[in-house]
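Please open the structure in your viewer and keep the selection tool at hand. The stops below each begin with something to select, followed by what is there.

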Amino acid sequence: MYYGAIKKNDIANGEGIRTSLFVSGCRNRCKNCFNPETWSFTYGEEFTRGVAEEIFASVDYPFINGITVLGGEPMEPENQKELLPFLREFKEKFPKKTVWLYTGNLYEELTAGVGKFPKCIEETEELLSLVDILVDGRFEEEKKSLGIIFRGSTNQRIIDMNKTREQGSIVIWDGCKNDKHYEKRT
């Protein structure tokens, strides 16, 4: 797996102060994507053990809330295979810190079952079990809004994965309660 950037002390891609990992590789190719260079699976640098250690070190402070994984597309099968052991280790080292993950795919697609959606592979279920907040849905230019939090277009959802697992149905993150631009799709 390759990555295009690591942003430390990031406040734009999730709640609180985070380290964000922008993975490379995306087949979604959303119109007017903010990061089209990451569509290539070989853009940037190779994700190595040293890079993982750098990320772990960057979050090992009480004021850092966690990590965010975005891209590109973290849920491309190639990326899931590399992200799963990384996120497992992250959760072991930092059980109180959160993982946000941005995907152009829908939660329903990713949870359809192995083989029922091209990006739903053997690793998908466990990978999603390590995610606290999932921002799902493709960026849609005609629904772009600068007045919304932590996403680019109003069709995208911010899903509280812990509550979703508990309740067995999609639960939108509490941080969206006062967002008048939030388009409800559940």
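Where is the place of threonine 38? Select threonine 38, and you will find it in the loop between β2 (18-23) and β3 (45-46). Please keep in mind throughout that this is a predicted model. Threonine 38 is buried, since its relative accessible area is 1% and buried means under 20%. If you show its surroundings and set aside residues up to four places away in sequence, threonine 38 touches Val23, Ser24, Gly25 and Cys26, and also Tyr43, Gly71 and Gly72.

**The pair of helices**

Select helix α1 (residues 49-59) together with helix α2 (residues 77-93), and turn the view until both axes can be followed. The two axes come within 11 Å and cross at roughly 30°. Because angles under 35 degrees count as roughly parallel, α1 and α2 are roughly parallel to each other. Their crossing is right-handed.

Now show the side chains where the two helices meet. From α1, the residues to select are Arg49, Ala52, Glu53, Ile55, Phe56 and Val59, and their partners in α2 are Phe86, Glu89, Phe90 and Lys93. Sorted by class, this contact has six nonpolar and four charged residues, with no polar ones.

While α2 is on screen, select glutamate 78, which has its place in this helix. Glutamate 78 counts as partly exposed, at 34% relative accessibility. Apart from neighbours within four places in sequence, glutamate 78 is in contact with Arg27 and Phe41. For a sense of distance, draw a line from its C-alpha atom to that of isoleucine 6: the two residues are 72 places apart along the chain, and the line spans 19 Å.

**The nonpolar cores**

In soluble globular proteins, nonpolar side chains tend to be buried together. Which residues touch the most other members of the largest nonpolar core? Select Phe47, Ile67 and Phe86, which hold that place among the 34 residues of this core. At least two core residues come from each of β2, α1, β4 (66-71), α2, β5 (98-102), α3 (107-110) and α4 (124-129). There is also a second, separate core of nine residues, and among its members are Phe22, Tyr102, Ile133 and Trp173.

Return to isoleucine 67 and show what surrounds it. Leaving aside neighbours within four places in sequence, isoleucine 67 is in contact with Arg18 and Thr19, with Ile55 and Val59, with Phe86, Leu87 and Phe90, and with Thr98, Val99 and Trp100.

**Two residues of strand β5**

Two of those contacts of isoleucine 67, Thr98 and Trp100, make the next stops. Are they buried or partly exposed? Select threonine 98, placed in strand β5, and you will find that it is partly exposed, with a relative accessible area of 25%. Tryptophan 100, placed in strand β5 as well, is buried, with a relative accessible area of 1%.

Beyond the residues up to four places away in sequence, threonine 98 touches Arg18, Asn65, Gly66, Ile67, Phe90, Lys91 and Asp132. Threonine 98 and leucine 130 lie 32 residues apart in sequence, and their C-alpha atoms are 8.9 Å apart in space.

For tryptophan 100, with the same residues set aside, the contacts include Asn13, Gly14, Glu15, Arg18, Ile67, Ile133, Phe150 and Trp173. Tryptophan 100 and serine 20 are 80 residues apart in sequence, whereas from C-alpha to C-alpha they are 9.0 Å apart.

**Backbone turns and a last loop**

Phe150, one of the contacts of tryptophan 100, is worth selecting for its backbone. Phenylalanine 150 has a positive phi of about 55° although it is not a glycine. Phenylalanine 150 has its place in the loop between β6 (133-136) and β7 (157-160), and it is buried, with a relative accessible area of 19%.

Next select asparagine 9, in strand β1 (residues 2-10). Asparagine 9 is likewise not a glycine and has a positive phi of about 55°, but it is partly exposed, with a relative accessible area of 48%.

Finish at glutamate 123, in the loop between α3 and α4. Glutamate 123 is buried, with a relative accessible area of 18%, and, not counting residues up to four places away in sequence, it touches Gln80, Lys81 and Leu84.

Key. Residues numbered from 1 in each chain as written. Predicted model: local features only at pLDDT ≥ 70, side-chain atom pairs only at ≥ 80, totals over all residues. Heavy atoms only, no water. Axes fitted to C-alpha atoms, helices over the stretch in contact; angles between N-to-C directions. Helix = DSSP H or I, 4+ residues; strand = E, 2+ residues; numbered from the N terminus. Parallel < 35°, antiparallel > 145°, perpendicular 65-115°, else oblique. Left-handed = near helix turned anticlockwise from the far one by under 90°. Contact = heavy atoms within 4.5 Å. Nonpolar A, V, L, I, M, F, W, Y, C, P; charged D, E, K, R; others polar. Buried < 20%, exposed > 50% of the residue type's maximum accessible area, 1.4 Å probe, protein only. Core = buried A, V, L, I, M, F, W, Y, C linked by side-chain atoms within 4.5 Å.
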